[in-house]
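Biologist: Could you take me through one part of this model up close, namely the salt bridges and what surrounds them? I would be glad of one connected account rather than a list.

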Amino acid sequence: MKTLSVALAVLGLLLGTLLVGWFGAGRVLVGVLSVGWGGFAIVLGWQLMLFAILGLAWDAIVPRRQARLVWLFVWGRMVRDASANCLPFSQVGGFVFGARAVTLHGVSWPVATASTVVDVTAEFLAELAFTCIGLGVLIARAPNSRLAVPVEVGLGLAVMAGLALIWLQQGAAPLFARMGSYIAGRRFSDARERVEVLQAELSLIYGHTLRLAVGFAVHLVAWLCTGVAGWIIYHLLGVPIDFDDALAIEALLAAASAAAFLVPVNAGVQEAGYAGLGAIFGVAPELSLAVSLVRRARDLALGVPILLVWQFFEMRRLRAAAAARSA
């Protein structure tokens with residue numbers, strides 16, 4: 001898996017570089033610089049607001065058994081996205097790091113792990129609804145597009161995958177509990193107890209239907225805000241794109257990114273998606289590539305400080321543990 005991820009990242013990086021070079025690196029750079037520092041500050045501010053919404057969605061699904069601060073899950077979501085956007089790992093690595101981040105501030109590992117699994121599932125289901133909106137706009141705007149049928153087929157497969165994912169987390173729980181106990185039992189003496197605790201936490205979370213519905217709804221709002229983010233960047237670049245067109249581009253791009261979840265930082269996938277989808281809605285490829293680069297700059301500008309702060313907390317924990325052992 002590590003070799004595959006590295007190979008995909010290299011290929012994606014080459015693809016993105018070739019696209020920028022093909023459509024004119026100078027024109028793409030001019031588009032990026034036209035955003036300006038004020039416009040870039042707006043992009044960063046909108047993303048910080050989006051982090052807050054995503055953290056609220058994660059917090060909404062966790063049962064209220066103890067007092068806690070909502071900012072913990074906002075912070076965990078920031079680490080999750082920063083890891084996926086800045087580190088050479090697949091999106092799965094971001095899920096692990098986000099759960100790890102909240103455990104450093106008092107959230108137990110079963111709650112952090114189980115709630116991450118359910119939150120990712122809720123976000124995936126909301127993404128399917130968001131993609132349906134984008135597909136509807138695509139069919140209305142470009143009914144003869146060859147992209148419509150592949151997206152429809154992909155949606156059908158994704159719906160089945162979503163249902164299977166929920167069933168695996170609930171219906172097949174005993175089987176996976178036995179498998180997990182066997183595999184982890186070779187490394188951890190208390191593996192069986194850990195798997196049982198995790199499964200009990202999953203069952204508890206899935207028992208709160210209203211909380212799951214709220215989490216799904218908040219995630220759908222977050223996806224719609226992602227469409228607004230794309231619309232803002234297009235307009236900062238001087239592209240007079242309609243809001244529903246920008247929403248469709250972001251929705252279909254999100255579907256493509258989800259399908260390519262093994263590609264670290266969506267290298268090449270994001271650039272090719274913007275160039276191809278933008279062309280369908282009448283946006284010049286060099287401007288769409290500029291949108292992609294602005295997003296990359298936004299992810300780095302926010303992601304690097306977030307990861308540094310997270311590592312500061314990790315170092316502080318290690319020092320406290322070393323001091324306790326010395327004592």
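**Charged pairs between the helices**

Modeller: Happily, and let me begin with Arg 296, which counts as buried because its relative accessibility is 18%, under the 20% cut-off. Keep in mind throughout that this is a predicted model. The side chain of Arg 296 forms a salt bridge with that of Glu 271, at 2.9 Å from N to O. Arg 296 belongs to helix H13 and Glu 271 to helix H12, so this pair ties together parts that lie 25 residues apart in sequence. Glu 271 is buried too, with a relative accessibility of 6%. Its carboxylate side has another partner: the side chain of Glu 271 also makes a polar contact with the side chain of Ser 292, at 2.9 Å.

That pair is part of a wider set, since the whole structure holds 10 salt bridges. Let us move to another part of the chain, where Asp 119 and Arg 80 meet through their side chains in a salt bridge of 3.1 Å, N to O. Asp 119 sits in helix H6 and Arg 80 in helix H4, so the bridge joins parts 39 residues apart in sequence. Asp 119 is buried, with a relative accessible area of 0%, and Arg 80 is buried at 2%. Arg 80 also forms a salt bridge with the side chain of Glu 123, here at 3.9 Å from N to O. Glu 123 lies in helix H6 and Arg 80 in helix H4, so this pair ties together parts 43 residues apart in sequence. Both Glu 123 and Arg 80 are buried. Taken with Arg 77 and Asp 81, the residues Arg 80, Asp 119 and Glu 123 are linked in a network of salt bridges.

Now for the setting of these pairs. The chain has 13 helices and 0 strands, and 45% of its 327 residues count as buried. Among contacts with a separation of 6 or more, 75% are between residues 24 or more positions apart.

The helices that carry our charged pairs also feed the nonpolar interior. The largest nonpolar core has 36 residues, of which Trp 75, Tyr 234, Leu 237, Ile 241, Ile 249 and Ile 306 touch the most other members. Among the helices that each supply at least two residues of this core are H4 (71–86), H6 (109–141), H12 (269–280) and H13 (285–326). H13 gives the largest share, 8 residues. To look at one member, Ile 241 is in contact with Trp 231, Tyr 234, His 235, Ala 246, Ile 249 and Val 283, leaving aside its neighbours within four places in sequence. Apart from this core lies another, of 15 residues, including Ile 61, Val 62, Val 118 and Tyr 206. As background, nonpolar side chains in soluble globular proteins tend to be buried together.

Finally, follow H13 out to the surface. Val 304 is found in this helix, H13, and is partly exposed, with a relative accessible area of 39%. Together with Leu 300 and Leu 308, Val 304 makes a nonpolar surface patch of about 280 Å². The chain as a whole exposes about 16300 Å², and carbon and sulfur atoms supply 72% of that area. Helix H13 thus brings us back to the start, with Arg 296 of H13 paired to Glu 271 of H12.

How values were computed:
Residues numbered from 1 in each chain as written. Predicted model: local features only at pLDDT ≥ 70, side-chain atom pairs only at ≥ 80, totals over all residues. Heavy atoms only, no water. Core = buried A, V, L, I, M, F, W, Y, C linked by side-chain atoms within 4.5 Å. Buried < 20%, exposed > 50% of the residue type's maximum accessible area, 1.4 Å probe, protein only. Helix = DSSP H or I, 4+ residues; strand = E, 2+ residues; numbered from the N terminus. Contact = heavy atoms within 4.5 Å. Areas by Shrake-Rupley, 256 points an atom, 1.4 Å probe, with all protein chains shown as cover. Patch = residues over 30% accessible without salt bridge, like charges linked within 9 Å, V, L, I, M, F, W, Y side chains within 5 Å. Salt bridge = Lys/Arg side-chain N within 4 Å of Asp/Glu carboxyl O. Polar contact = N/O pair within 3.5 Å; in protein donor to acceptor, adjacent residues only side chain to side chain.
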